[in-house]
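Welcome! Let's explore a small set of questions together, with the picture in front of us.

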Amino acid sequence: MTDEQKAAYVFAQAVSALAEIEGMKALNMQRQTQGYSMAYDDEAFFKVPDKYGLGHNAVMSLFHDIPQGRTP
């Protein structure tokens, strides 16, 4: 992939992660209105970026051709 394609991929993943987070927020708000407990806690929200490969090391390795899990 070119750097531009890599950037587009990261952006698309970020948009997907944001859409999921907004859906999680909406469900939490609906459940709160109905008097139920939250469906998603803070931990669930913090896991979303990693689900989409948006952790710091994953993104850096994409642009620096470093195997994931290793530091530059």
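## A walk through the fold

Along the sequence, this protein follows the pattern α-α-α. Keep in mind that the model is a predicted one.

Q: How many helices and how many strands does the protein have?
A: Reading along the sequence gives the pattern α-α-α. The count agrees with that pattern: the protein has three helices and zero strands.

Q: What share of the 72 residues of the protein counts as buried?
A: A residue is called buried when its relative accessible area is under 20%. Among the 72 residues of this protein, the share that counts as buried is 19%.

Q: How much of the accessible surface belongs to carbon and sulfur atoms?
A: Start with the total, as the accessible surface of the protein comes to about 5,500 Å². Of this surface, the part belonging to carbon and sulfur atoms is 57%.

Q: Which helix gives the most residues to the largest nonpolar core?
A: This core has six residues: Ala17, Ile21, Met24, Phe45, Val48 and Tyr52. Two elements give two or more residues to the core, namely helix H2 (42-51) and helix H1 (3-33). With three residues, the element that gives the most is H1.

Q: Which residues does Met24 touch, not counting those up to four places away in sequence?
A: Met24 is one of the residues of the largest nonpolar core. Phe45 and Val48 also belong to that core. Leaving out residues up to four places away in sequence, Met24 touches Tyr40, Ala44, Phe45 and Val48.

Q: Is Gln13 buried or exposed?
A: Gln13 is found in helix H1. Its relative accessible area is 18%. The cut-off for buried is under 20%, so Gln13, at 18%, is buried.

Q: Which backbone oxygen does the side chain of Gln13 reach?
A: Beyond its neighbours within four places in sequence, Gln13 is in contact with Tyr52 and Leu54. At 3.1 Å, the side chain of Gln13 reaches the backbone oxygen of Tyr52.

Q: What does His64 count as, given its 46% relative accessibility?
A: His64 is found in helix H3 (residues 56-64). Buried means under 20% and exposed means over 50%. Because 46% lies in between, His64 counts as partly exposed.

Q: What distance separates the C-alpha atoms of His64 and Asp3?
A: Along the chain, His64 and Asp3 are 61 residues apart. In space, their C-alpha atoms are separated by 9.9 Å.

Terms used:
Residues numbered from 1 in each chain as written. Predicted model: local features only at pLDDT ≥ 70, side-chain atom pairs only at ≥ 80, totals over all residues. Heavy atoms only, no water. Core = buried A, V, L, I, M, F, W, Y, C linked by side-chain atoms within 4.5 Å. Buried < 20%, exposed > 50% of the residue type's maximum accessible area, 1.4 Å probe, protein only. Helix = DSSP H or I, 4+ residues; strand = E, 2+ residues; numbered from the N terminus. Contact = heavy atoms within 4.5 Å. Polar contact = N/O pair within 3.5 Å; in protein donor to acceptor, adjacent residues only side chain to side chain. Areas by Shrake-Rupley, 256 points an atom, 1.4 Å probe, with all protein chains shown as cover.
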